Amino acid sequence: MKRRDLLKAAGAGMAASAVAAPAIAQSMPEIRWRLTASWPKSLDTAYGSCETLARYVAEATDGKFQIQSFAAGEIVPSLQALDAVQNGTVEACHTATYYYIGKDPTWALFCAAPFSLNARQQNAWYYDGDGLKLLNEFGRKFNVYSLVAGNTGAQMGGWFRKEIKTVDDLRGLKFRIGGWAGKTLQKLGVVPQQIAPGDIYPALEKGTIDAAEWVGPYDDEKLGFYKIAQYYYYPGCGRAAPRITS
C-alpha cells in the first residue's frame, strides 16, 4: 500500500513538473548569446559539443535562451577565445584553459597538466573538491565565469615525422603541444609550439614543426595527421575539460 502511495506521489510530482516547466520558460526574457569555439567544424567531437550544449539550453528554456556557435576563426582566432569573452566581443567560448598559460600558468591546473588527475579524478575534484569554486575565484581577475563542458580523457602522445628511439631524439624537435606539457618537454630539449588546431596540419606538412599532439585516433584522423607523419606515440597528457566561459 505504501509503495502504491509513493508511486502515486511521484507520478503527481512529475506531472506537476511537466506543467510548470513551460510556464517558467514563458515568463523568461529572450536571450541570445554568441559562443566562439577554439575548434574547427571538422572536429565533430569538440565543436559538436558546443552545438549539443546550445541545443540542451534551448530545450531547457523552451527556446527562450539561444546560443549560436561559431567555429575558430569565424569571429576570432582559435587561441583568442578567452580574450573575446573577457572584452565582451562574445558572451561565451568553448576552449581549453591551458592555452592561456601565457596570461597566467594557473590556467593549466584547470585543464591538463603532466602527471596530474585522470578524467574521473578531475571531475570529482571539480564537483566534490571545490575545483569549480577555485576556478571561478581565479577567473574573477579575467572577468569570466567558467563551467566544465567536456573532457577528452587521456590523450595520445602525438604524431612524429621521424622515429623516436631515445630521449636524445627529442632534442631540437619542434613539437606542437599545448599547455604545461610543452614546458615539461622543454626540459628534454623539445622546442614547444602552441598552434591552433586548424593550423597544425599545414605546419606539419610544410615542416614548420616536426611533430604534433592533438587528442586521439578519431580526432587526429579528422585533422589528417596520419597522411604526413608516420609515427604515432602514446601516452600523452589529458585535456581535462574544454569549458564554456561567460
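Good morning. Let me begin with a definition: two residues are in contact when they have heavy atoms within 4.5 Å of each other. In the predicted model before us, consider the contacts between residues at least 6 apart in sequence: 70% of these join residues at least 24 apart.

The chain contains eight helices and twelve strands. Of its 246 residues, 43% are buried. The chain exposes about 13100 Å², and carbon and sulfur atoms supply 55% of that area.

I turn now to the interior. The largest nonpolar core has 49 residues, and W39, Y98, W107 and W214 are those with the most contacts inside it. Which elements give two or more residues to this core? They are the strands β1 (31-37), β2 (65-70) and β3 (92-95), together with the helices α2 (46-60), α3 (81-86), α5 (131-139) and α7 (197-206). Helix α2 gives the most, with five residues. Another core, of ten residues, lies apart from this one; I164, L170, L173 and V190 are among its members.

Finally, let us examine one pair of helices. Two packed helices are described by the angle between their axes and the distance between the axes. How do α4 and α5 compare on these terms? The axes of α4, residues 119-128, and α5 come within 4 Å and cross at roughly 70 degrees. Angles of 65 to 115 degrees count as roughly perpendicular, and α4 and α5 are therefore roughly perpendicular to each other. On the α4 side, W125, Y126 and Y127 meet G131, L132 and L134 of α5. By class, this contact comprises five nonpolar residues, one polar residue and no charged residues.

Thank you for your attention.

Note on methods
Residues are numbered from 1 along each chain as its sequence is written. This is a predicted model: local features need pLDDT of at least 70, side-chain atom pairs count only at pLDDT 80 or more; totals for chains, interfaces and linings use all residues. Side-chain values use heavy atoms; hydrogens and water are left out. A nonpolar core is a set of buried Ala, Val, Leu, Ile, Met, Phe, Trp, Tyr and Cys residues joined through side-chain atoms within 4.5 Å. Buried means under 20% relative accessible area, exposed over 50%, partly exposed in between (1.4 Å probe, protein chains only). Axes are lines fitted to C-alpha atoms, for helices over the stretch in contact, and angles run from 0 to 180 degrees between N-to-C directions. Angles under 35 degrees count as roughly parallel, over 145 as roughly antiparallel, 65 to 115 as roughly perpendicular and the rest as oblique. Ala, Val, Leu, Ile, Met, Phe, Trp, Tyr, Cys and Pro count as nonpolar, Asp, Glu, Lys and Arg as charged, and the others, Gly among them, as polar. Accessible areas come from the Shrake-Rupley method with a 1.4 Å probe; for residues, only the protein chains shown count as cover.
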